[in-house]
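Student: I would like a close look at one part of this structure, with its surroundings added afterwards. Please keep the account plain.

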Amino acid sequence: MTDLLAIGTRKGLWLARSDDDRRTWSLDEPHLLAQEVAAVSIDTRRPTPRVLAGIQYGHWGPTVMWSDDLGASWQETDSGAIRFPEDTGAALARVWQLRPDSADRPDVVWAGCEPHSLWRSTDGGCSFDLVRGLWDHPHRPTWEPGGGGGAVHTVLPDTASDRVTVAMSTGGVYVSEDGRTGWTPRNSGISAVFLPEPPPEYGQCVHKVAVDAAGPDRMYAQNHFGVFRTDDAGRAWTSIAEGLPADFGFPIVASPSTPGTAWVVPLVADMQRVPPEGRLRVHRTRDAGETWTALGTGLPDDFWAAVMRDGFCADEARPTGLYVGTRDGCVYASADEGDTFALVADHLPDVLVVRAARID
Amino acid sequence: MGVQVVLPGVLADLAGGTRHLEVDPGGGTLAELLDTLAAVHPLLGRRIRDEAGALRRFVNVYVDGDDVRYAGGLGTAVPDGAVVQVLPSVAGG
């Protein structure tokens, strides 16, 4: 068996492979060197896995590229995979998220982009159509850019229905039951410390949302202060931050196989984006956020960087593997759900995104 | 006679491996010249302008040595025989 780990950084993409059930990893030469790779996915639904990358060509603009030979060659659509329709007057600024849909929709890939927009591909990511229902939403003019830009950064297609959940900075969580129309804000209970009380219907700065293995109605959110859980598809969120050393952070990852299991990487605060006490720690819950356990075996002390919202992911193997990429260019992997970590790579550029998959 | 377009080396692959192209000036503005260029070399066109037609922020274009941002922008006249140079600006990190 081979496991593939894709590491997107501010200056290129690295692919790492493991042939021994994730005990050791070997790193390729860089791909797309000097290009920012802020979004990446490994689409295993195809006869050969497709690596999709949302890149920023430095001076020359953003685009989506793909490789069907694990990075040996890269393709892009001449006219651009993601192009705003002329009548919008908008232009793509950055690809924040590339998300393959379920196995029974093998050619559908979703993209979340800046400016705030959701895109759907039916050809495996070679070309995308703007989801007009979200673009034309009356709230859109009031969605503010967060510090990183105004973007749909999280796209969660439900595997059993047409429902799609998105999260954006700063707009919060929206849900559509058909993935196209009727986008409804679902932020009740999520705080917005940068706005006057009470929290608004929308406008929260939700950093990341993950779906629990129990089913699509249970989700977790790492917010701009606050960690929350919903059990009703976002209609109500409750805090699950008690027991964490800090409730600020960017990523949140849910186990793809074990209900109630999720992980976060806390940072002190928005004005102090470093781990508490300078120790990189992953915190795990086994009971849907009722309690948390700090995990640090193999993770560094004297660590003063951060982990970005897509710099943390899980694979779908058993036990679940975890991958943590840091802004100081390190990647740590765990093959035992976070009990122990080992360094996979260091001295890379800032890690923006990691994704892992078993490819054979 | 045409217009000579001079590209930075990093874009040469998108123009068939050359940094120097002879392009019909079309209607006589920079926008029209870039439209003509993009019709033949679409990837090159996307590197210079976004899909809304604007010059990318860190791409500078000079017509006979003048930065078009301080001239007529995309409406800058490009007469037959002109030299249009595309250069990346000072940016990055």
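Student: How many residues lie between S3(B) and S4(B) in their hairpin, and which residue in the turn has a positive phi?

Tutor: The model is a predicted one. Two residues lie between S3(B) and S4(B) in the hairpin, and B:Asp64 in the turn has a positive phi of about 50°. S4(B) covers residues 66-67 of chain B, runs antiparallel to S3(B) and is joined to it by two bridges. On the S4(B) side, B:Asp66 is the bridge partner of B:Val63.

S3(B) itself spans residues 59-63 of chain B, and its side chains alternate. In a regular strand, side chains alternate between the two faces of the sheet. Here B:Val59, B:Val61 and B:Val63 point to one face and are buried, whereas B:Asn60 and B:Tyr62 point to the other face and are not buried. B:Val63 thus appears in two roles: it points to the buried face of the strand, and it bridges to B:Asp66.

S3(B) also pairs with S5(B), residues 83-88 of chain B, in the antiparallel sense over five bridges. In that pairing B:Val59 has B:Pro88 as its bridge partner.

The buried face leads to the cores. B:Val63 belongs to a second, separate core of 16 residues, which also includes B:Leu34, B:Leu44 and B:Val84. In soluble globular proteins, nonpolar side chains tend to be buried together. The largest nonpolar core has 101 residues, and A:Leu5 and A:Val354 have the most contacts inside it. Strand S27 of chain A, residues 351-358, gives the largest share of that core, six residues. Beyond its neighbours within four places in sequence, A:Val354 is in contact with nine residues listed here in full: A:Leu5, A:Ala6, A:Ile7, A:Gly311, A:Phe312, A:Cys313, A:Tyr323, A:Gly325 and A:Val331.

As for the contact between the chains, 15 residues of chain B are in contact with 14 residues of chain A. Helix H2 of chain B, residues 42-48, supplies the largest share of the chain B side, four residues. By class, that side has eight nonpolar, two polar and five charged residues.

Chain A contains one helix and 27 strands. Its radius of gyration is 19 Å, close to the 21 Å that the globule rule gives for 360 residues, so chain A is as compact as a globular protein of that length. Buried residues make up 53% of the 360 residues in chain A.

How values were computed. Residues are numbered from 1 along each chain as its sequence is written. Chains are lettered from A and ligands numbered from 1 in the order in which they are written. This is a predicted model: local features need pLDDT of at least 70, side-chain atom pairs count only at pLDDT 80 or more; totals for chains, interfaces and linings use all residues. Two residues are in contact if their C-beta atoms, placed from the backbone, lie within 7 Å. Ala, Val, Leu, Ile, Met, Phe, Trp, Tyr, Cys and Pro count as nonpolar, Asp, Glu, Lys and Arg as charged, and the others, Gly among them, as polar. A nonpolar core is a set of buried Ala, Val, Leu, Ile, Met, Phe, Trp, Tyr and Cys residues joined through C-beta atoms within 7 Å. A residue is buried if 20 or more other C-beta atoms lie within 10 Å of its own, exposed if 12 or fewer, and partly exposed in between; C-beta atoms are placed from the backbone. Two strands pair if DSSP finds at least two bridges between them. The radius of gyration is taken over C-alpha atoms; the globule rule is 2.2 Å times the number of residues to the power 0.38.
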